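Hi everyone, and thanks for coming. I'd like to walk you through a structure that may be new to you, so please take a look at it with me.

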Amino acid sequence: MRDHPHGEPGAADAPHPEVWHGRASNRVQWLLASGGAACLALGIELAVDSTWTSGVAPLVMSVVGCIAAGLLVLFGTLAFVHVAVKVDKDCLEVRCGHMGLPRRRIPLSHIIGAEFAPRVTPRQWGGWGYRWRPEQGTAVVVRRGEGLVLRLGDGHTFTITVDNAEAAVRDIRRRLKAAASGTTR
């Protein structure tokens with residue numbers, strides 16, 4: 001048996017890690033990405049094995065259109081298959097997709113508050129992805145469910161769908177309180 005001087009892990013008085021990590025993912029985006037890959041494959045097939053007799057211009061337009069649409073759908077969906085959130089002593093960092101792009105770093109000194117949102121939906125934001133709405137602020141929405149809403153010092157809000165958002169809110173509030181009292185952890 002080990003002695004846990006600050007409580008059991010997960011308890012309110014448990015020690016907080018130096019870095020908080022959270023993720024959220026959406027498997028439906030893989031279906032959309034496969035549609036983009038099919039479009040891309042169709043464009044390549046048209047370019048390689050074409051027997052069009054109506055001229056080269058319609059063929060080029062079809063090939064370029066299929067390849068462009070396929071790449072746009074493929075990379076546009078893969079960028080938002082998942083989101084990773086990291087909160088450390090200096091900032092909150094949001095990274096999307098496998099390449100980590102788009103990425104946003106928000107210094108904790110720019111955050112004035114954090115709230116838990118029990119239900120964030122793509123419909124509220126106009127779809128999946130990196131979203132901006134004048135009346136709501138900015139968001140990274142990769143799935144429906146719980147989220148983290150940051151109130152920023154410039155009056156804007158930033159919403160992120162992430163698993164265990166309540167823990168993120170607690171961690172950010174603890175860090176903001178420590179910064180306000182002048183203590184560091």
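Let's begin with β1 and β2 (residues 82-87), which run antiparallel and are joined by six bridges. Within that pairing, glycine 22 sits opposite valine 85 of β2. When I say strand, I mean a DSSP run of E with at least two residues, while a helix is a run of H or I with at least four, and both are numbered from the N terminus. Two strands count as paired if DSSP finds at least two bridges between them. As a general reminder, strands of a sheet pair through backbone hydrogen bonds, either parallel or antiparallel.

A quick word on what you are looking at: this is a predicted model, where local features need pLDDT of at least 70, side-chain atom pairs count only at pLDDT 80 or more, and totals for chains, interfaces and linings use all residues. Residues are numbered from 1 along each chain as its sequence is written, and side-chain values use heavy atoms, leaving out hydrogens and water.

Now let's widen the view around that pair. β1 and β2 belong to an open sheet of four strands, in the order β1-β2-β3-β4, with antiparallel pairing. Why do β1 and β4 each have one side without a neighbour in the sheet? β1 (20-25) and β4 (103-107) stand at the edges, and each has a single partner strand, so one side of each is left free of a neighbour there. On average, neighbouring strands of this sheet are turned by 10° against each other, direction ignored. For such angles, axes are lines fitted to C-alpha atoms, for helices over the stretch in contact, and the values run from 0 to 180 degrees between N-to-C directions.

Helix α4 (residues 165-181) packs on this sheet, where it touches β1, β2 and β3 (91-96), and its direction makes about 150° with that of β1. Contact here means heavy atoms within 4.5 Å.

On to the second sheet. It is open too, with five strands in the order β5-β8-β9-β7-β6 and mixed pairing. Its edge strands are β5 and β6 (129-133), each pairing on one side only. From one strand to the next, the twist averages 20°. In which sense do β7 and β9 pair, parallel or antiparallel? They pair in the parallel sense, over three bridges, and alanine 139 has threonine 159 in β9 as its bridge partner. Helix α4 comes back here as well: α4 lies across β5 and β8, running at about 170° to β5.

Let me turn to another helix, α2 (residues 56-78). α2 has 23 residues and reaches 33 Å from its first C-alpha to its last, close to the 33 Å expected at 1.5 Å a residue; that expected span is 1.5 Å times one less than the number of residues. Several residues of α2 are buried, among them Leu59, Val63, Cys66 and Leu74. Buried means under 20% relative accessible area, exposed means over 50%, and partly exposed is in between, using a 1.4 Å probe and protein chains only. What do the buried residues of α2 pack against? Their partner is α1 (28-48).

Last topic: salt bridges. How many does a search of the whole structure find? The search finds six, counting a side-chain nitrogen of Lys or Arg within 4 Å of a carboxyl oxygen of Asp or Glu.

One of them joins the side chains of arginine 105 and glutamate 93, at 3.5 Å from N to O. Arginine 105 is in strand β4 and glutamate 93 in strand β3, twelve residues apart. Arginine 105 is exposed, at 51% relative accessible area, whereas glutamate 93 is buried, at 9%.

Another pairs arginine 151 with glutamate 115, their closest N and O atoms being 2.7 Å apart. Arginine 151 lies in strand β8 (residues 145-152) and glutamate 115 in strand β5 (residues 111-120), so this pair ties together parts that are 36 residues apart in sequence.

Then there is arginine 143 with aspartate 163, again a side-chain salt bridge, 2.7 Å from N to O. Arginine 143 lies in the loop between β7 (137-141) and β8, and aspartate 163 in the loop between β9 and α4, so parts 20 residues apart in sequence are tied together. Arginine 143 counts as buried at 11% relative accessibility, while aspartate 163 is partly exposed at 38%. Finally, salt bridges that share partners join Asp171, Arg174 and Arg175 into one network.
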